[in-house]
Amino acid sequence: MEHDFWQARWKNDELGFHLSFVHPILKRNVSRFGLAGDARVFLPLCGKTLDIGWLLEAGYRVIGAELSEIAVGQLFEALKLVPDISSWEGGQYWHAGRLTIFQGDIFRLDADDLGPVDLVYDRAALVALPPSMRGAYAAKILALTHAAPQLLITFEYDPAEKAGPPFPVLPEEVAGHYAGSHTIAELSRKDVLESSLNFKEAGVTRFVEVAWQLLSRPR
């Protein structure tokens, strides 16, 4: 999962991971976290997800991190926002109203750049990374956000039937990354194979989407 892989996906409009609707898991579960009206929600590897517009309409402040400049440009265009663009160490800083996106390498972002985070919404970040990168990613998210609560979405399927991304992430791996810093509760699990055409056409027999609530442990 080198940078060139994802840059090429955006350049070639190969966006099977981009949903044309606001994710129902977000709509159903964000209230569980008891956020204040102006809470800051961080979306790592956010792409141009429609979830951002929904969060903004709900009154939250949204901070994203995204590698692709194409994705960030399309996001602001879709939201009809004209950004102020400046530089940060890892790329470009895009800002308009209650939306901020750090475009560039998330591993070069630090907690001072990001500022306080009330919730991490990880819909497509952990599952986008192969096993060799997920430990470093999870540690980075913990450091960036001071172990803020998370709404996390993972998938379960047989990797012998199809190669990711998205990759399968099993419950024991979620615990391995986050049980030391969070209490973990499974919110839902659903086989979404019928609506996941790439996986169904590849012959995958089971494609389960799992939602997790990660609440920060007292320090």
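The face of helix H7 that is turned away from its buried side carries two exposed residues, Glu 172 and Gly 176. This description rests on a predicted model. The buried residues of H7 are Val 174, His 177 and Tyr 178. They cover an arc of only 75 degrees around the axis, so they sit on the same side of H7. On that side, the buried residues pack against helix H6 (131–145), strand E7, strand E8 (182–191) and strand E9 (208–216).

**The loop before H7**

H7 spans residues 171–178, and the loop between strand E7 (150–156) and this helix contains Gly 164. Pro 165 lies in the loop between E7 and H7, and Pro 166 is found there as well. Two cis peptide bonds occur in this stretch. One joins Gly 164 and Pro 165, with omega about 5 degrees. The other runs from Pro 165 to Pro 166, with omega near -10 degrees.

Is Gly 164 buried or exposed? Its relative accessible area is 19%, and the limit for a buried residue is under 20%, so Gly 164 counts as buried. Gly 164 and Pro 130 are 34 residues apart in sequence, while their C-alpha atoms are 7.9 Å apart in space.

**Helix H6 and what follows it**

Helix H6, one of the elements packed against the buried residues of H7, includes Thr 145. Thr 145 is buried, with a relative accessible area of 5%. Leaving aside neighbours within four places in sequence, Thr 145 is in contact with Phe 42, Leu 114, Val 117 and Val 120.

Ala 147 lies in the loop between H6 and E7. The phi angle of Ala 147 is near 60 degrees, a positive value in a residue other than glycine. Lys 80 also has a positive phi without being glycine, near 55 degrees. Lys 80 is found in the loop between helix H4 (69–78) and strand E3. The two residues sit on opposite sides of the burial limits: Ala 147 is buried at 12% relative accessible area, whereas Lys 80 is exposed at 75%.

**Strands E3, E4 and E5**

Strand E3 (residues 84–88) pairs with strand E4 (residues 91–96) in the antiparallel sense, over five bridges. Within this pairing, Ile 85 has Trp 94 in E4 as its bridge partner. The two strands form a hairpin with two residues between them.

E4 is also joined to strand E5 (residues 99–104), by six bridges, and these strands run antiparallel. Here His 95 stands opposite Thr 100 in E5. E4 and E5 again make a hairpin with two residues between them, and Gly 97 in the turn has a positive phi of about 60 degrees.

**Aromatic pairs**

How many aromatic pairs does a search of the whole structure find? The search finds seven. One of them is formed by Trp 88 and Phe 102 and is edge-to-face. Trp 88 lies in strand E3 and Phe 102 in strand E5, so the pair ties together parts that are 14 residues apart in sequence. Trp 88 counts as buried at 11% relative accessibility, and Phe 102 does so at 4%. A further pair is made by Phe 199 and Phe 207, whose planes are at 25 degrees, so the pair is stacked.

| Pair | Centre to centre | Angle between planes | Class |
|---|---|---|---|
| Trp 88 and Phe 102 | 5.4 Å | 85 degrees | edge-to-face |
| Phe 199 and Phe 207 | 4.2 Å | 25 degrees | stacked |

Phe 199 and Phe 207 are both buried. Together with Phe 155 and Tyr 157 they form one aromatic cluster.

**Annotated positions**

The UniProt record, an unreviewed entry, places the feature "binding site" at Trp 10, Leu 45, Glu 66 and Arg 123. Of these annotated positions, Glu 66 can be described further. Glu 66 is in strand E2 (residues 61–66). With 7% relative accessibility, Glu 66 counts as buried. The side chain of Glu 66 reaches the backbone nitrogen of Gly 47 at 2.7 Å.

Methods. Residues are numbered from 1 along each chain as its sequence is written. This is a predicted model: local features need pLDDT of at least 70, side-chain atom pairs count only at pLDDT 80 or more; totals for chains, interfaces and linings use all residues. Side-chain values use heavy atoms; hydrogens and water are left out. UniProt positions are given in the numbering used here, feature names are shortened, and annotations may be inferred rather than shown by experiment. Helices (H or I, at least four residues) and strands (E, at least two) are DSSP runs, numbered from the N terminus. Buried means under 20% relative accessible area, exposed over 50%, partly exposed in between (1.4 Å probe, protein chains only). A polar contact is a pair of N or O atoms within 3.5 Å; within protein, one must be able to donate a hydrogen and the other to accept it, and residues adjacent in sequence count only if both atoms are side-chain atoms. Two strands pair if DSSP finds at least two bridges between them. The arc is that of the directions from the helix axis to the C-beta atoms. Contact means heavy atoms within 4.5 Å. Rings of Phe, Tyr and Trp (its six-membered ring) pair if their centres lie within 6.5 Å; planes under 30 degrees apart count as stacked, over 60 as edge-to-face and the rest as tilted.
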